[in-house]
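Visitor: Please pick one part of this chain and take me through it closely, with the cut-offs behind each term. Which residues face inwards there, and what lies around them?

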Amino acid sequence: MKVSIFGLGYVGCVTAACLAKGKHEVIGVDIMASKVERLAAGHPTVVETGIEEMIAEAHAQGRITATTDGRAAVLASQASIICVGTPTGRHGDMDLTALRQTAELIGQAMCDKADRHGAGGAGRGVGAVRDHHLKLYSQYGDGRMKFYGATFCAGAGTL
Ligand SMILES: NC(=O)c1ccc[n+]([C@@H]2O[C@H](COP(=O)([O-])OP(=O)(O)OC[C@H]3O[C@@H](n4cnc5c(N)ncnc54)[C@H](O)[C@@H]3O)[C@@H](O)[C@H]2O)c1
């Protein structure tokens with residue numbers, strides 16, 4: 001399967017490495033050009049035991065690319081996994097801005113896509129915005145998108 005991964009921080013980079021090792025094709029997406037450039041050159045964006053080799057091997061076999069163009073990544077993939085940050089806001093609440101922006105971007109890209117597209121969330125806050133995702137996807141995706149909310153647990157030594 002070809003999967004676009006939004007957010008190339010710890011969770012996104014580890015997810016990219018694991019999916020690519022499982023022979024899936026991965027398109028990494030981030031708003032930070034420096035992270036996109038690192039992954040596109042075959043290097044991880046985070047430090048984790050074994051990840052350098054996993055990414056390098058998958059990159060050499062053409063299974064990892066990266067871009068800042070989220071819309072193009074949705075159009076070129078069959079599913080998207082959202083791993084963007086959900087930092088703690090000023091009042092201790094969760095800042096869901098990036099999560100909402102990404103959900104909206106994926107939903108809008110669906111307007112130009114004839115095929116079905118799967119979307120999943122990995123990380124804190126995904127459950128909280130599940131209804132928001134579903135609303136956007138049904139609004140834009142015309143019922144062609146399925147959303148899978150998942151609590152992804154990543155920590156040191158995940159690989
Ligand atoms: N790191 C962990 O061990 C861990 C464990 C459990 C849950 N989580 C959750 O997983 C999620 C991701 O965590 P992380 O540690 O990887 O975060 P992170 O801050 O390391 O990485 C988030 C990435 O998202 C990118 N980003 C922000 N807005 C974006 C956008 N609109 N489009 C594309 N990319 C965007 C940032 O540039 C950054 O590279 C969070 O919700 C976090 O709470 C993390």
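Guide: What follows is about helix 3 and then its surroundings. This is a predicted model, in which local features need pLDDT of at least 70 and side-chain atom pairs count only at pLDDT 80 or more, while totals for chains, interfaces and linings use all residues. Residues are numbered from 1 along each chain as its sequence is written.

Helices (DSSP runs of H or I, at least four residues) and strands (runs of E, at least two) are numbered from the N terminus. The chain has six helices and six strands, in the order β-α-β-α-α-β-α-β-α-β-α-β from the N terminus.

Helix 3 covers residues 51-60, and its buried residues are Ile-51, Ile-55 and Ala-58. They span an arc of only 70 degrees around the axis, so they sit on the same side of helix 3; the arc is taken over the directions from the helix axis to the C-beta atoms. A residue counts as buried with 20 or more other C-beta atoms within 10 Å of its own, as exposed with 12 or fewer, and as partly exposed in between, the C-beta atoms being placed from the backbone. Glu-53 and Ala-60, on the other side of helix 3, are exposed.

The buried residues of helix 3 pack against helix 1 and strand 3 (64-67); a contact requires C-beta atoms, placed from the backbone, within 7 Å. Just after helix 3, Gly-62 has a positive phi of about 75 degrees.

Helix 1 spans residues 10-21 and includes Tyr-10. Tyr-10 is buried because 20 other C-beta atoms lie within 10 Å. Its C-alpha atom is 9.6 Å from that of Gly-85, which is 75 residues away along the chain. The loop between helix 1 and strand 2 (25-29) holds Lys-23, whose phi is positive, about 75 degrees, although Lys-23 is not a glycine. Most residues other than glycine have a negative phi. Lys-23 is exposed, because 10 other C-beta atoms lie within 10 Å.

Next come the paired strands, where pairing means that DSSP finds at least two bridges between two strands. Strand 1 (residues 2-6) and strand 4 (residues 79-82) are parallel and share four bridges, with Val-3 opposite Ala-79. Strand 4 is also parallel to strand 5 (residues 117-122), again over four bridges, and there Ala-79 is partnered by Gly-118. From strand 4 the chain passes through helix 5 to strand 5 in a right-handed β-α-β crossover; right-handed means that, with the strands pointing away from the viewer, the path from the first strand over the helix to the second runs clockwise.

In helix 5, the buried residues are Leu-99, Thr-102, Ala-103, Leu-105, Ile-106, Gly-107 and Ala-109.

For the chain as a whole, 41% of the 159 residues are buried. The mean pLDDT (the predictor's confidence in each residue, from 0 to 100) is 84, and 77% of residues reach 70 or more. Over residues 151-156 the pLDDT is below 50, and this stretch has six contacts in the model beyond near neighbours in sequence.

Methods: Two residues are in contact if their C-beta atoms, placed from the backbone, lie within 7 Å.
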